[in-house]
Amino acid sequence: MTEGKKGRLKLTVEVEVNEELMDVVKEAMSKASSRIPDMMRRGENKQQ
């Protein structure tokens, strides 16, 4: 840790993540991003 101006500390954290878990998260995020436009269209249809 290094001390910066005004007594603030800068902290760097290393985290080890299970590769399998990361694959699942990435897949879920890509599916969600492809579904967002469809969900928005449905919302607009319900409002009209």
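The dialogue below introduces the main features of a predicted model.

Visitor: Which elements make up the protein chain, and in what pattern do they follow along the sequence?

Guide: The protein chain contains one helix and two strands. Read along the sequence, these elements follow the pattern β-β-α. The helix, H1, covers residues 19-47, while strand E1 covers residues 2-3 and strand E2 covers 9-10.

Visitor: Where in the protein chain is confidence lowest, and where is it highest?

Guide: A general caution comes first: where pLDDT is low, the predicted coordinates should not be read in detail. In this model, the protein chain has an average pLDDT of 80, and 81% of the residues score at least 70. Confidence is lowest in strand E1, with a mean of 57, and highest in E2, at 88.

Visitor: What share of the residues counts as buried?

Guide: A residue counts as buried when its relative accessible area is under 20%. Of the 48 residues of the protein chain, 0% meet that description. The chain exposes about 5,300 Å², of which carbon and sulfur atoms supply 53%.

Visitor: Which residues form the nonpolar patch on the surface?

Guide: The patch is formed by Leu11, Val13, Val15, Val17, Leu21, Met22, Val25 and Met29. Together they have about 750 Å² of accessible area. One of them, methionine 22, is found in helix H1. Methionine 22 has a relative accessible area of 34%, so it is partly exposed; a residue needs over 30% to join a patch.

Visitor: How many salt bridges does a search of the whole structure find, and which side chains meet in a salt bridge?

Guide: The general idea is that side chains of opposite charge can pair when their charged atoms come close. Here the search finds one salt bridge. It joins the side chains of glutamate 27 and lysine 31, at 3.3 Å from N to O. Both residues belong to helix H1 and lie four residues apart, about one turn of the helix. Glutamate 27 is partly exposed because its relative accessibility is 45%. Lysine 31 is likewise partly exposed, with a relative accessible area of 41%.

Visitor: Where is asparagine 18 found, and what does its side chain reach?

Guide: Asparagine 18 is found in the loop between strand E2 and H1. Its side chain reaches the backbone nitrogen of glutamate 20, at 2.8 Å. Asparagine 18 has 49% relative accessibility and therefore counts as partly exposed, since exposed requires over 50%.

Methods: Residues are numbered from 1 along each chain as its sequence is written. Side-chain values use heavy atoms; hydrogens and water are left out. Patches are made of residues with over 30% relative accessible area and no salt bridge: like charges are joined within 9 Å, nonpolar side chains (Val, Leu, Ile, Met, Phe, Trp, Tyr) within 5 Å. Accessible areas come from the Shrake-Rupley method with a 1.4 Å probe; for residues, only the protein chains shown count as cover. A salt bridge is a side-chain nitrogen of Lys or Arg within 4 Å of a carboxyl oxygen of Asp or Glu. Buried means under 20% relative accessible area, exposed over 50%, partly exposed in between (1.4 Å probe, protein chains only). A polar contact is a pair of N or O atoms within 3.5 Å; within protein, one must be able to donate a hydrogen and the other to accept it, and residues adjacent in sequence count only if both atoms are side-chain atoms. pLDDT is the predictor's confidence in each residue, from 0 to 100.
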